[in-house]
Every structure is written in structure tokens, then in C-alpha cells.
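Work through these exercises with the model open. Try each task before reading its solution.

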Amino acid sequence: MDREFFVSKHDAKAENAFALDDNIMVRGGLTTAGSKMLHNFISPLQATVVDRLLAAGMELAGKTKLDEFAVPGISEGTCDILSGAVGAVAEGVCKVALCNDVSGKVRRQAPQNGLYYIHPTYGSVSRFGLIPAVSSMDQIGIVCKNIDDGFDTLGMIAGHDENDITTFPEKSYAYAPKEGKFRIGIPSNVLEEADEKSKELIYDFAGKHDAEETELKYFEVFSQVMYILSSAEIGNNTSRYDGVKFGYRADKFTGLNNLYTKTRTEGFGPDMKLLSVVGAYVLSKDNYEACYLKSMKIRRLIREHANELFSRFDAIILPIKLKDPDPYKNLALYAFATLCGLPSVSVPLGRNEGIQLVAQAKNENSLFGICKGGR
Amino acid sequence: MDYEIVMGLEVHVELATKSKLFCSCSAEFGAEANENVCPACAGMPGMLPLLNKKAVELGIRAGLVTNCEITRTITFDKKNYFYPDLPTGYQITQLYAPICRNGHVEIETEAGKKRIRIKQIHIEEDAGKLVHDYLPGSSLVDFNRASVPLVEIVSQPDFRSAEEVVAYLEKLRSLLTFADVSDCRMQEGSMRCDVNISVRKAGSDKLGVRTEIKNLNSLKAIVRAIEYEAERHITALETGCEELVQETRRWDENKGETYSMRDKEDATDYRYFPNPEILPVHISDEWISEIRNSLPELAHEKYERLTQSLGLSDYDSRLITSSRNISDIFDRTMEYVNNPKEVANWIIGDLASITKEENKAYDEIVIDCEKFGKIIKMVESKVINRTIGKKVLQLVFRDDIDPESYVRDNKLGMISDSGYLENIVKEVLSENEKSVSEFKAGNQKVIGFFMGQIMRKTQGKADPASVNSILMRELNNLR
């Protein structure tokens, strides 16, 4: 395993240590978000999650590598690079690792490395001090080997933060596995596109509960909606990197426009450039309605559909990968939780395989319960 | 051919909040460059916007005093463009659900009263400021103003003359300063105005090609720019020498002309979209009525009070209520001298003329009202005469001296000892026999000359009333 994913901060004891993806700020330390654009950026502040973990007696093990700005990368090879957060926990250098899994990469890679990933409800964990990618979807989640450790950690970081007005008013949450039998929905239209092994795992896993086939509506456009909305927000959130104030600045430039284009051409990687261009396109006057607004409308329909589903089910079970390895198509698998701000847990099963479970907002305890076996 | 000018205004007004719109940095004007800056308003990643409630309150106030409907659920949007004074690369503003809609204000010009309709008022953040060539060949940026809250007041195209535009801006300034929404200082940039202008043949109901004029920093500039631009449109229409295009133009104060700001290539698409970092804000009926009930006395209400309860003249009351600052000085001085007519006289006669001499605007007057009150009282109780009083006021205005000790230390107390004054009068008359004979011949004008001489001999400290009666008595004795 490539050890480049991890930069050790000091000798923390692994059993009490956490790692952070390098888009989460530690005051006075370098925070690059995996981008040349921020190669020299020293954090002026500290993320709320870091304050809370340190206050709870955890130790910072170090920073982990991530795809540039944690964006949904679809360029060749990006998907196969190991997430630093997954690598660090798998290697045992820390108990848990925190990251912002907009793209779903960690949700796929964690189970493939025998780990869980907890993606909490949008608004339960403060994003103060997280370098933003897609503001309406950014959510700090937890990679862990042991699900109890994961929810322990979530209990430490979740709760209202006055520095993030998008957090819910609840001061804290009590995470404990719910008991009983769970109603699990198996979306057959999604399973049609999954590989045989995933299907088998899903039927096996769901079979231990009250499982029932259902349909995940709009699944066929999840990737489009996800990509359009995230490109718009990423393009906007990264327009502050212009070489004027901080971060990377091109060496030689002639005039202001050249400073911008040169800095951004040299500072951003291929996925970021693609997203910036798509983002500008979908928000432009001529395309706003057909692309951005339409995607927002579909997003609302998906939310309404989610509400309907969760009136019937405690959780929806999904594969972590499709038959078709195309990273763009695979975005759809993670879009359901990400677009709707729903909690999900990726569960390792068998050898380098796994499934994911998605529940209604603030219903992490059902997911916890299912992971613990229920009953 | 007669032409009609049609104009609409976009007025930006900085809100009088203590802190910025989305962070706790001071919003005060006049700090050292980049003194009031934190990671949030410098555009650094990781900070999230925290909406300033006071700014929303002031936005509501702006709407209430301009008869607007207040939107019950407001949202914020992002407007994207690159410019070095914009730290994040986007401005947070309100496109889809502005805080106020459909208002109006009454203006008054020589042609009479007129209603100007307001399309909307929205809250947005200001940008920073570029400083060019402070270091040779480069530009520096000052983010003190970045993220300071503004409201943009957008009117309907209801203006037909520069006079109406000026009347409207003065009316807005009066409404907003009296309601404590803003200090509306054009010279400090806390009130800025863009004019949308088009020209059409009189009687036509089709609008002509519209241009927008920016960079207007004073009422004078606004009037000149409107006159210039209207003339340019009319000439273009009459002679066809130039094709009018819809564009943004800047006013060049030195050349006295407008010029095109950017070519079509740069026509900006702002790529607006809803800001996901700021949740919709609900404005309750209770909050609105609370704000309505706590509105300070507005200019027209104060005018009523001055004319009706305090018995001041229409002229005096208009002048006092023409500026929030003057009006405050009046109220504060009244706390020390409960004589409205006298305070008004001092403000309109003496303070106004000193302000003019010092080349200042009414809004810029800074004076200790307790000291001002003391001067008025000293004159009222004949401790000093009025001429000395004005001199002392001048010194208070300029150097903030203490009037009582100054009068005492410089022995400026009024002389009303009639024996002493009688001697002076006699002395002056005997020194000016020629003028005395002129008086005898019926020339009344020399009385003023005698008064002047007597005042000079007493260093201006004589009680004018006593001097006058002694002088007249002596003169009549001589006749």
C-alpha cells in the first residue's frame, strides 16, 4: 500500500487518534485541499470538528490525501487512487479518519478495504473550517474499522455550531443502535445495474430483515443532477482562488486577466477545470433554466420521493458499485444520500465488498442498529 | 422636435450597522487599510457566512419609510464575477426574493408634487477598494469595505428631469438618515447612485435605447452627467452621427463627459444562483411591527412638531429638518436652552454661516451642543453680547474651546456700566465733530458709524442696547 496518503503530525497513539483529510483546517497548519492552488495555505482557523475531537481527548495523528477539493472526479484514473482517509484507517495509524465524501469515493473504497464509512445527516456536523466544495452537499463523515468507534466519534463532533448556521439547533445527539426488526427497501431498478456479487450480498444482507423490493425513482438522472449541481457550486466556491490574495499565483503574468487565467490554469487539476467549465455553463443565462434550475427541481422531487420511501422503510439498501465501472455513472449510487442530505453507512461485507444503507434524515440510529444486526 | 428624458435610479446605501453583513468585523469607515478584515471577509475558504440581523432590520426599516411591501421569506443569491476587489469571486446579494418590493416616495419640485415608484430594495454586500499606483506599476486592495452591508434601492423609470432626480435623492437621504438606516454620505461613498437614462420623442410611449451611467459621486456630478448624456442621446437621434447602444458608461468628472465602460466582448453574465450557505430568513409580522413602532421621528414628523408645537416658521423648520445632523444639533441644544426660536436663530444665522465660511456641509458639522447652549445662554442673560457670542461659537466650532472660561480669561464679559459707557459715547462724539454736524443736518446713517466706533473702543464688549440708548440721548441733547 502506498504510504504517501498520510503525513504524520506527531506520535499519536493509534487507538486514540484521528486523521483528517487535508481540506479540514487545523489552526496554523498547512491545509491544501489536495490542490496546488493551496500548496502554501496556512489555516487561519480551526475546524469545529477538530476542536471537538481534541476537547474529547482524541489526538490528531495527521493529515490524509484527497482528490483535489474532494470533488467528484471523473477523469481517468482518479477513482482508483486510494483515499488517504481509507488508507490511514486500514493501515491502523489511526482509529478514525474524517473526510468530505461528496463524490462517493470513500463510500465505495471503505468497504473494499474492510472499513465502515458513516455519512451523517446534512446539518448535524459543523462544516466550519472545512474547505468548501459543494456547499449544499458538503458533509464531514467518518471512516472507521469498528462501527462503535465511528458512532462514538460522530457523537463527539455532531451538534449545533454557531459558526455554521446550516447546522440543526440540537446541541448534541445520542447515538445508540436501535433495536428490533428493520424494514429494508431493495430498489430493483438499481440492482439491475449492479454486478452479480453485489446483488447476492444485498439479498443476503437484507434477507435478515423485513426486506421488500421497491423502486428508487429518478435513479437514471441521479448522475446528471449530481454533476450539474456540484459543478455549479464547486465552480463558485473555487472562484476565490485567483492568485490575488493567497494560495498559488502564477509566476509571470501580463495584466489582470492573464494573472487569473495563468494562475487557474496552472493551479487546478483536470477534474477541477472540467467542473469549473461545466459549472459556468450550467449557470449561464442561456442554460440556467434547462440545466441548473431543472436539476434543482429534480432534486426536490427526489427529496419528496425519499420522504415517501422512508414512510415505508427504515433504510434503503444500495450497492457500492455498478457493473459498468464508468465513474460518472457510478456517481448515481452515492447521489441519493448526498443530494438529499440523508445519513448513510457503507458496510464492509465479505472480501473487499460491501453495501450501503441510506436512512431518513436524523435516523442514524436505525443504520447503527442494522449494522449491529438488529433484533 | 421635443424630447422626453426617461430615467430610473439604482441607489446603493451603506447600512449603519456596527459590523459587516456576514462576519463580526467592524463596518466603520476610515480605518487603516485592511484593518477590519478577517478570514471570512478576505474570502478565505472554511468560513461560513453568519447573517447580521441588524442589517436585515435596517433593510426592513428602509422598506417601511419608502412604503414598500416587506417580503416574508427572504433568500440570498450568489452573483459571480472576477475582480480583485471581490475577495470570494462572487457577491452575496438578493435576486429572487428581495427584502422589499413595490414602494414609493413623494418628491417635490418646482413643478409640484410627484410620486416615484420603487421597484425593489435588496440587501447585498459591498466590495473592497483598489488603490492604484501606491506602489509604482501595481495595484493594492483594501478589504475594509468588503462585505459591508448595503441596500440597493431600485426605482421605476419615473424620472423626467435632473431636478426630479436630485429631489428624489435628497428625499431618500432625509428618509434614510432620519430612520437611522444609513448616514448617506455621498463623499464617503455610503450613498451611491447609478442612472439609467433613455430619450424618446415627446408623446411617444416607446422607450428609447437605455444607457447606464456609473461613478457619480455628488449631486452636482449627477446633474451634469444627466445633462451630458441626454444631450448625447438627442444629438444621436437628430443627426444619426452615432448609433446608441445599450451599455454602461462612466462619468468623467474632469472632462465632463461619459464614456463607454466595456465593449461587448466583456459583457458579463453574472451566473446568479441561490446561495446554499444561507438558509431562507422568515420575517414575522411581530418583527415588522416592532421595527415600525421603534422608528425614530422622521423629517416630516419633525417638521410638523417644529411648526405646530414649537411655533417655528416654515423656513426655519424646513432648514432644520433638511439634514439629520442639523436636526440632531437642534434637539440636543434644546436640552440646554429651552427656547426654540432662539436656538433656531443661532443655528440658521450663526452656525450655518460659520459652516459656510469653513467650507463644510451641514452633515459634517461637529459641535458640542452643551457648549453651544452655554453661549446662547450667556447672550440671553447678557453676560456677553451677540457679536462676542458669535466669535466664541466660531472658536467652539473650530477648536472646541470651553466658552465660559474663554470669556472669563479674555475678559469678554459685556460692559453695561452706564457711567463708563456714557464717557465713551461722549469721547467718540467729541472726536468726530464732522459726523456730528452731519447728523444735525439730518443724516441718520452716521449713527451706525458712531456705534462702530464705540464698539471698537470697548473691544466689542459693550451692551449694544445700552450704548444705543445713551448715544441717542446724547445726540438728541446736541440737537
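**Exercise 1.** Find the residue just after α1(A) that takes a positive phi, and state the angle. Then list the buried residues of α1(A) and what they pack against.

*Solution.* Step 1: A:G57 follows α1(A) with a positive phi of about 90°. The model is predicted: local features need pLDDT of at least 70, side-chain atom pairs count only at pLDDT 80 or more, and totals for chains, interfaces and linings use all residues. Residues are numbered from 1 along each chain as its sequence is written, and chains are lettered from A and ligands numbered from 1 in the order written.
Step 2: α1 of chain A covers residues 48-55. Helices (H or I, at least four residues) and strands (E, at least two) are DSSP runs, numbered from the N terminus.
Step 3: A:T48, A:V49, A:V50, A:R52 and A:L53 are buried, with 20 or more other C-beta atoms within 10 Å of their own, C-beta atoms being placed from the backbone.
Step 4: These buried residues pack against β2 (17-21), β4 (96-100), β6 (140-144) and α4 (147-157) of chain A. Contact requires C-beta atoms, placed from the backbone, within 7 Å.

**Exercise 2.** Give the strand order of the open 3-stranded sheet in chain B, and explain why its edge strands have a free side.

*Solution.* Step 1: The order is β5-β4-β15, with antiparallel pairing. Strands pair if DSSP finds at least two bridges between them.
Step 2: β5 (90-93) and β15 (273-274) of chain B are at the edges; each has a single partner strand, so one side of each lacks a neighbour in the sheet.
Step 3: Strand β4 (residues 77-80) of chain B is joined to β5(B) by 4 bridges. B:K79 has B:Q91 as its bridge partner in β5(B).

Terms used: A residue is buried if 20 or more other C-beta atoms lie within 10 Å of its own, exposed if 12 or fewer, and partly exposed in between; C-beta atoms are placed from the backbone. Two residues are in contact if their C-beta atoms, placed from the backbone, lie within 7 Å.
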